[in-house]
Amino acid sequence: MARDGVPHALLFAGIDGIGKTTAARALAMVLNCQAPLPAGEERPWPDACGRCRSCRRIAAGLHPDVIQLQPEGAFFKIGQIRSLLDVLTLRPYEARYRVVILRDAQAMTTAAANALLKVLEEPPDRTILVLTAGGSSDLLPTIVSRCQAVRFAPLDPDRIAQRLVENDGLAPQDATVVAALAGGSLGRALALARQGAVAHWRRRRDWLARMLSTLPGQGPSTVLAVAEELARDGRRAGESLELAKTWLRDRLVALQRPELVVYADRREDLCRSARQAADRNRCLFQIRRLQEAQRALEGNGAVRLTLESLFFDLARGDGKAAGGN
Ligand SMILES: [Zn+2]
């Protein structure tokens with residue numbers, strides 16, 4: 001933008017709920033703002049004012065030259081792309097730059113993608129296309145090669161937690177749990193917070209934390225009871241495993257870098273338990289087994305069986321004796 005050289009086709013790639021469409025709309029705003037804020041030392045690019053007529057209409061989704069399309073049902077229909085192409089033969093109504101946002105572009109049939117290819121090859125004047133997708137590997141290579149890709153990394157859990165506290169009024173101890181479950185996606189964090197089950201997940205986390213330290217050496221009946229408790233959530237048991245994994249990860253960083261702890265509300269406990277036991281290897285083993293179990297659950301593995309096998313391994317302790325891996 002600073003060089004007046006925005007590519008005519010951009011691909012924003014990254015997980016859901018991370019701000020790809022928001023960023024595309026922000027780009028449309030700054031390209032069309034009537035009173036843009038100039039670049040400065042703090043921010044070496046211009047920014048939209050957010051207040052002018054153009055900014056307000058784009059923010060409200062009412063600007064005729066900022067077009068947002070998403071799949072109808074599971075896929076983009078060829079008709080959707082054809083009507084878009086018709087619109088693009090006309091000049092923009094009023095915008096300096098017309099911006100077309102194609103959400104979830106990986107959900108394009110080959111026919112739809114090929115139709116879109118024409119626009120990418122001969123871009124209309126003053127028009128910028130922004131495609132969003134989970135990853136560039138899901139798209140036709142011919143599409144990818146004509147776009148400039150921008151990768152969106154998952155957000156830090158502590159930044160998500162901070163935003164939940166400051167903007168959404170969550171208590172800090174709830175925000176850290178939601179952030180840990182969100183896997184770097186603010187959209188997912190907000191959805192979790194809205195579901196009103198945060199207290200449940202916080203209790204679940206604290207129970208898991210106790211269980212992780214007391215389970216080694218316990219007999220089969222305890223192990224089976226733990227597996228049974230988590231199996232009640234069905235496939236969502238993976239979320240409990242995510243909570244446990246974050247706890248262990250926190251324990252690994254608590255001594256060296258306590259400021260990086262995600263569960264900031266339990267920082268003191270984490271530091272204490274990390275100091276007590278020289279259990280780095282055990283932590284790493286447990287994290288690896290939790291990841292394996294999560295993958296098994298995602299891959300439609302049997303829930304109860306996966307959890308039982310996981311917790312028997314965790315109860316066995318250091319990992320050296322576990323299953324030969
Ligand atoms: Zn503006």
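## Close-up views of a predicted model

Of the 325 residues in the protein chain, 34% count as buried. The model is predicted. The chain holds 14 helices and five strands. Its C-alpha trace spans about 75 × 45 × 30 Å along the principal axes. Among contacts with a separation of 6 or more, 69% join residues 24 or more positions apart.

**View 1. The largest nonpolar core.** This core has 45 residues. Those with the most contacts inside it are L164, V178, A179, L181, A189, L243 and L307. Helix α11, residues 237-254, gives the largest share of this core, seven residues. L307 touches A227, L230, A231, A237 and A293, leaving out residues up to four places away in sequence.

**View 2. A second core.** This core is separate and has 35 residues. Among them are A13, M29, A133 and I143.

**View 3. Helices α13 and α14.** Helix α13 covers residues 280-298, and helix α14 covers residues 303-316. Their axes come within 10 Å. The axes cross at roughly 175°. The pair is therefore roughly antiparallel. From α13, the contact uses Q286, R289, A293, A296 and L297. From α14, it uses V303, T306, L307, L310, D313 and L314. By class, the contact has seven nonpolar, two polar and two charged residues. L307 appears here, and L307 is also one of the residues with the most contacts inside the largest nonpolar core. A293 of α13 is among the residues that L307 touches.

**View 4. N300, between α13 and α14.** N300 sits in the loop that joins these two helices. Its phi is positive, about 65°, although N300 is not a glycine. Is N300 buried or exposed? N300 is exposed, because only 12 or fewer other C-beta atoms within 10 Å are allowed for that class, and N300 has 8.

**View 5. Helices α6 and α7.** Helix α6 runs through residues 157-168, and helix α7 through residues 172-181. Their axes come within 8 Å and cross at roughly 135°. That angle makes α6 oblique to α7. The crossing is right-handed. On the α6 side, the contact is made by P157, I160, A161, L164 and V165. On the α7 side, it is made by P172, A175, T176, V178, A179 and A180. These residues divide into ten nonpolar, one polar and no charged. L164, V178 and A179 belong to this contact. L164, V178 and A179 are also among the residues with the most contacts inside the largest nonpolar core.

**View 6. Helices α3 and α4.** Helix α3 spans residues 78-89, and helix α4 spans residues 110-121. They pack at an angle of about 15°, with their axes 8 Å apart. How do the two helices lie, roughly parallel or roughly antiparallel? They are roughly parallel, since angles under 35 degrees count as such. The crossing of α3 and α4 is left-handed. I78, I81, R82, L85 and L88 of α3 take part in the contact. Their partners in α4 are A111, A112, A115, L116, K118 and V119. By class, nine of the contact residues are nonpolar, none polar and two charged.

**View 7. M108, ahead of α4.** M108 lies in the loop between β3, residues 98-102, and α4. It is buried, because 26 other C-beta atoms lie within 10 Å, and 20 or more are enough to count as buried. Which residues does M108 contact, leaving aside neighbours within four places in sequence? They are F75, F76, A113 and L116. M108 and F75 are 33 residues apart in sequence. In space, their C-alpha atoms are 5.6 Å apart. L116 also takes part in the contact of α4 with α3.

**View 8. R126, after α4.** R126 lies in the loop between α4 and β4, residues 127-133. R126 is not a glycine, yet its phi is positive, about 55°. R126 is partly exposed, with 15 other C-beta atoms within 10 Å.

Terms used
Residues numbered from 1 in each chain as written. Predicted model: local features only at pLDDT ≥ 70, side-chain atom pairs only at ≥ 80, totals over all residues. Axes fitted to C-alpha atoms, helices over the stretch in contact; angles between N-to-C directions. Helix = DSSP H or I, 4+ residues; strand = E, 2+ residues; numbered from the N terminus. Parallel < 35°, antiparallel > 145°, perpendicular 65-115°, else oblique. Contact = placed C-beta atoms within 7 Å. Nonpolar A, V, L, I, M, F, W, Y, C, P; charged D, E, K, R; others polar. Core = buried A, V, L, I, M, F, W, Y, C linked by C-beta atoms within 7 Å. Left-handed = near helix turned anticlockwise from the far one by under 90°.
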